[in-house]
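Trainee: I have a model open and would like to learn how to read its helices, its sheet and a few single residues. Where do we begin?

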Amino acid sequence: MTDGDTPEEGDEQYRAFWADEIADEIAARDPDDPIVIKGGVSPSGVPHLGHFNEIMRGYFVAEVLRERGHEVRQLFTSDDKDALRKVPRRLADSDWNVVGLGEVDAGALGRNLGKPYTDIPDPFGEHESYGAHFTDLLHRSAELIGVPIEMVSNTELYADGTFESVTREILEKADLAREVLAEYQDKVDEDYVPFMAQCEECGVLTTNVTGVDLDAGTVSYTCAGLEAGGKQIEGCGHEGTATLRDGKLPWRFEWPAQWKVLDVDFEPFGKDHAEGSWPSGEDICRTVLDHEPPVPMVYEWFTLNGEALSSSEGNVVTVAEVLELLEPEVLRYFFVRNPKKAKDFDLSRLDQLVDEFDRFERIYFGEVEDERLKPLADRAYPMVVDEVREERVRLPYTFAAVLGMVDDPELREQMARNEGHVDEETPEWAIEEALARVEKARAWAERMDNEYNYRLQTELPDVAFDADVEAALADLADFVAEGHDGEEIQGEIYETARRHDVDVGDFFEAGYRLFFDQPQGPRLGEFLGELDREFVVTRLRREG
């Protein structure tokens with residue numbers, strides 16, 4: 001397609017991907033380059049996977065627009081001029097280690113409630129402020145997943161005067177601003193001033209602005225603090241004067257102000273904003289700021305292990321943690337799927353997500369037929385991977401977890417060859433990438449402590465069995481040698497034990513002793529079915 005073209009009606013392949021539809025809406029406005037895509041977050045706690053909803057939605061739309069020949073800037077605002085309203089339960093250091101408050105200088109946070117995040121000391125002592133610490137983590141998380149975003153600090157936008165003109169405009173139209181906001185928010189009376197001054201004495205943000213002098217570019221205030229979660233964070237009572245750079249706009253005005261000063265063309269946001277801040281922001285942008293709001297996109301939140309993600313409550317998983325368990329392209333794929341459909345990111349079932357991605361990849365290369373998903377795979381897969389390479393090998397995730405029970409790299413590769421995942425034609429780079437998944441699957445098994453969290457003994461353990469058990473093991477070895485699969489082996493374990501009058505529990509324990517040197521382990525028959533057959537037969541016969 002040429003630059004500026006829009007898809008023809010009925011072009012199902014092109015429209016199969018939601019990002020194309022959003023790009024069409026943006027292009028219909030005939031924006032100037034660079035097209036600006038924005039997301040944002042208030043740094044309230046651990047930068048977690050939920051924040052990547054906006055980043056990844058924006059990324060895919062940006063990629064579509066770049067493909068069409070546009071220059072695109074993807075911005076992400078850190079709303080770090082916001083006040084800390086409560087102390088989060090968990091934090092993350094610069095290496096993404098998530099810790100409780102007992103492991104940091106929590107008092108640095110508790111003593112600074114009501115102050116902007118950029119005026120609060122970093123409880124880890126690693127950055128110039130808590131806000132800077134959070135922003136750096138978020139930026140580096142985006143780099144880990146390969147998304148080029150520009151971080152923008154609200155604090156800097158106020159300090160360098162970028163926000164000054166729009167702040168002045170809102171205060172000049174204070175009566176109109178109050179009238180518009182009153183349609184969406186209670187407690188907006190004739191004394192309401194759409195500005196929060198920062199107290200020069202205690203540093204707390206206060207909503208008690210008592211006067212505005214636009215000629216001088218100042219507001220007067222009494223430091224009464226602010227309300228947070230139904231509770232009042234008290235101010236110090238100081239009466240003072242602040243410039244328009246020494247404070248901030250309330251969120252309902254700050255969001256549309258960002259759209260105007262950053263010339264934002266598109267912004268995705270969660271359904272909570274769709275029901276609250278977006279309607280008022282859209283109205284304020286047009287009515288008060290005389291500016292067209294960006295193209296919006298509402299996405300559904302996803303949950304983590306069935307529970308809502310929350311920085312302040314500590315139910316989080318970081319991007320760095322996730323990338324210890326799966327490849328970046330799998331994580332990108334998670335965000336390809338319908339953004340308006342609720343999803344759960346269940347760590348215990350990551351194998352299903354990885355299998356789903358692997359199938360998506362095979363659909364793209366024509367190895368799996370799926371008429372429903374083929375248009376989406378054709379369109380989105382090239383944006384998910386760093387490079388389209390048909391020679392790639394993807395080990396099934398649970399098979400990779402099985403290989404993770406083996407510490408010997410050569411044995412891992414041999415087992416992969418025996419199962420037909422690797423052959424003589426497979427490029428060396430593809431083998432290396434395929435086996436890299438093993439360590440991720442092993443980390444998953446350890447984190448979840450699931451049925452794959454065992455270590456296969458490469459050397460025969462020092463174990464002894466009575467004659468009946470030895471005979472049963474020999475029969476089972478013959479059965480495995482015939483080429484049966486894991487389910488068949490599982491059933492045969494019971495039958496063999498009965499034929500030899502061996503207690504079933506004792507027979508299973510014998511198998512676990514042979515392969516793990518442990519009294520218990522995974523579902524044995526299925527596990528043996530995934531191992532190298534020759535290795536299993538040799539071990540059951542206690543020959544090595």
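Mentor: With the terms. Helices (H or I, at least four residues) and strands (E, at least two) are DSSP runs, numbered from the N terminus. The expected span of a helix is 1.5 Å times one less than its number of residues. This is a predicted model, in which local features need pLDDT of at least 70 and side-chain atom pairs count only at pLDDT 80 or more, while totals for chains, interfaces and linings use all residues. Residues are numbered from 1 along each chain as its sequence is written, and side-chain values use heavy atoms, with hydrogens and water left out.

Trainee: What span does helix α19 reach from its first C-alpha to its last?

Mentor: Helix α19 covers residues 467-481, 15 in number, and reaches 21 Å, close to the 21 Å expected.

Trainee: Which residues of α19 are buried?

Mentor: Buried means under 20% relative accessible area, exposed over 50%, and partly exposed in between (1.4 Å probe, protein chains only). In α19 the buried residues are Val469, Ala472, Leu473, Leu476, Ala477, Phe479 and Val480.

Trainee: Why do they line one face of the helix?

Mentor: An α-helix has 3.6 residues a turn, so residues three or four places apart point the same way. Down the axis of α19, the buried residues fall within an arc of 160°, so they line one face. The arc is taken from the directions from the helix axis to the C-beta atoms.

Trainee: What covers the buried residues of α19?

Mentor: Contact means heavy atoms within 4.5 Å. The cover includes α20 (486-499), α21 (504-516) and α23 (533-540).

Trainee: Is Asn453, in the loop between α18 and α19, buried or partly exposed?

Mentor: Asn453 is partly exposed, at 23% relative accessibility. Leaving aside neighbours within four places in sequence, Asn453 is in contact with Ala445 and Glu446. A polar contact is a pair of N or O atoms within 3.5 Å; within protein, one must be able to donate a hydrogen and the other to accept it, and residues adjacent in sequence count only if both atoms are side-chain atoms. The side chain of Asn453 makes one with the side chain of Asp449, at 2.8 Å.

Trainee: What is the strand order in the open sheet of three strands?

Mentor: Two strands pair if DSSP finds at least two bridges between them. The order is β17-β16-β18, with mixed pairing. β17 (307-308) and β18 (343-345) are the edge strands, each pairing on one side only. Strand β16 (residues 302-304) runs parallel to β18, joined by three bridges.
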